[in-house]
Amino acid sequence: MIKVEIDEGSGFCFGVVTAIRKAEEELKKSGRLYCLGDIVHNSAEVERLQAKGLVTISHDDLEKLHDVKVLLRAHGEPPSTYEIARRNNIEIIDATCPVVLQLQQRIKKSYDESCGSDPKPQIVIYGKKGHAEVNGLVGQTSGEAVVVQNVDELDLVDYDRDILLYSQTTKSLPGFHEISSEIERRQSRGYSFRSYDTICRQVANRVSNLRNFAEAHQLIIFVSGKKSSNGKFLFEECKAVNPNARMVTDCSELSPVWFDGIETIGICGATSTPRWLMENVRDRILDMVGYQR
């Protein structure tokens with residue numbers, strides 16, 4: 001008999017849980033709420049909330065809105081977004097993750113303290129260019145921070161200045177340590193380098209648990225939205241220990257041929273994957289293999 005198990009550690013992180021709770025509370029009261037960007041990088045969850053009255057908008061849309069309520073998602077926003085809201089009489093429902101908010105404040109303090117120095121220390125952020133969280137972090141430095149995605153991009157850094165390194169909260173610890181070691185190696189004599197490990201431990205600790213889960217099953221079905229950076233990263237971690245791992249966005253992408261000769265299937269997902277979606281995938285797999293419930 002085939003065994004299908006959902007990873008108990010997968011699914012929404014507390015920042016996403018809080019953002020969705022705030023959205024649902026407001027939608028229950030008013031039936032309509034604007035959200036700046038997808039509330040979570042999962043199309044199925046976005047569609048569920050859209051059916052309740054959540055309207056996803058862009059930054060261009062925000063400029064044109066007045067006298068409405070807008071939710072800021074867990075990724076956070078740069079100061080310019082708050083200025084637009086103030087100017088347009090928009091009420092902000094701020095669901096910025098506390099971990100991200102604390103990081104924004106740390107970077108802003110470092111930047112403000114550096115303004116009297118000559119040359120100013122360079123703030124470097126290890127993260128994904130264009131990611132909503134990273135945009136919010138760079139905004140704390142008036143756009144001056146340098147963003148690097150990997151060691152290959154470290155030529156962008158000016159080593160003839162003091163350097164402060166921070167990380168996007170959802171990046172990998174090994175990647176951060178590699179970046180930090182290489183900057184320290186390249187740093188010019190006479191200038192300081194300080195690195196700050198600002199990676200969210202709720203996300204970072206999932207890696208070892210997920211690898212153990214992936215090793216314990218013959219087949220892994222990883223459920224994630226295509227826009228999720230965290231999903232891509234965690235899926236690769238699964239695949240590193242279990243080559244028989246497949247990523248799907250929902251039940252429609254499942255194939256019955258995957259289950260031939262398989263006795264144990266593990267279902268897991270990103271920090272942006274809702275539990276109900278993983279349960280739907282489990283139920284669909286059981287139907288496809290003829291399991292009698």
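Strand β8 is covered on both faces: Ile163, Leu165 and Ser167 are buried on one side, and Leu164 and Tyr166 are buried on the other. Here "buried" means under 20% relative accessible area, "exposed" means over 50%, and "partly exposed" is what falls in between, using a 1.4 Å probe and protein chains only. Put as a count, 5 of the 5 residues of β8 are buried. In a regular strand the side chains alternate between the two faces of the sheet.

A few words on the model itself. It is a predicted one, in which local features need pLDDT of at least 70 and side-chain atom pairs count only at pLDDT 80 or more, while totals for chains, interfaces and linings use all residues. Residues are numbered from 1 along each chain as its sequence is written, and side-chain values use heavy atoms, with hydrogens and water left out. Helices (H or I, at least four residues) and strands (E, at least two) are DSSP runs, numbered from the N terminus.

**Around β8**

Two strands count as paired if DSSP finds at least two bridges between them. By that rule β8 runs parallel to β6, joined by 5 bridges, and it also pairs in the parallel sense with β9 (residues 193–195) over 3 bridges. In the first pairing, isoleucine 125 stands opposite tyrosine 166; in the second, leucine 164 faces arginine 194.

Glutamine 122 belongs to strand β6 (residues 122–126). Is glutamine 122 buried or exposed? It counts as buried because its relative accessibility is 6%. Contact here means heavy atoms within 4.5 Å. Neighbours within four places in sequence aside, glutamine 122 is in contact with Val146, Val157, Asp158, Arg161, Asp162, Ile163 and Leu164.

Leucine 156 sits in the loop between β7 (146–148) and β8 (163–167). It touches Lys129, Val146 and Val147, not counting residues up to four places away in sequence.

**Some C-alpha distances**

The table sets sequence separation beside distance in space for three residue pairs.

| Pair | Apart in sequence | C-alpha to C-alpha |
|---|---|---|
| Glutamine 122 and tryptophan 258 | 136 residues | 50 Å |
| Leucine 156 and valine 124 | 32 residues | 9.6 Å |
| Aspartate 61 and leucine 36 | 25 residues | 8.8 Å |

Aspartate 61, from the last row, lies in helix α3 (residues 59–64). It is partly exposed because its relative accessible area is 31%.

**The four-stranded open sheet**

Elsewhere in the chain, 4 strands form an open sheet in the order β1-β12-β10-β11, with parallel pairing. At its edges are β1 (3–6) and β11 (245–248), each of which pairs on one side only. Neighbouring strands of this sheet are turned by 20° against each other on average, direction ignored. Inside the sheet, β10 (residues 219–223) pairs with β12 in the parallel sense over 5 bridges, and isoleucine 221 stands opposite isoleucine 267 in β12.

Helices lie across these strands. For the angles, axes are lines fitted to C-alpha atoms, for helices over the stretch in contact, and the values run from 0 to 180 degrees between N-to-C directions. Helix α9 (residues 206–215) lies across β1, β10 and β12, at about 155° to β12. Helix α10 (residues 229–241) lies across β10, β11 and β12, at about 160° to β11.

Threonine 271 is found in the loop between β12 (264–269) and α11 (275–288). Why does threonine 271 count as buried? Because its relative accessibility is 8%. Leaving aside neighbours within four places in sequence, threonine 271 is in contact with Gly11, Phe12, Cys13, Val16, Val203, Arg206 and Asn230.

**The chain overall**

The secondary structure of the protein chain comes to 11 helices and 12 strands. Its C-alpha atoms fill a box of roughly 70 × 50 × 25 Å, taken along the principal axes. Of the 293 residues in the chain, 51% are buried. Among contacts between residues at least 6 apart in sequence, 70% join residues at least 24 apart.

The chain exposes about 14,000 Å², and carbon and sulfur atoms supply 47% of that. Such areas come from the Shrake-Rupley method with a 1.4 Å probe; for residues, only the protein chains shown count as cover. There are 37 positive and 42 negative side chains, and the centres of the two sets lie 2 Å apart. Lys and Arg count as positive and Asp and Glu as negative, whereas His and the chain ends are not counted. The place of a charge is taken as NZ of Lys, CZ of Arg, CG of Asp or CD of Glu.
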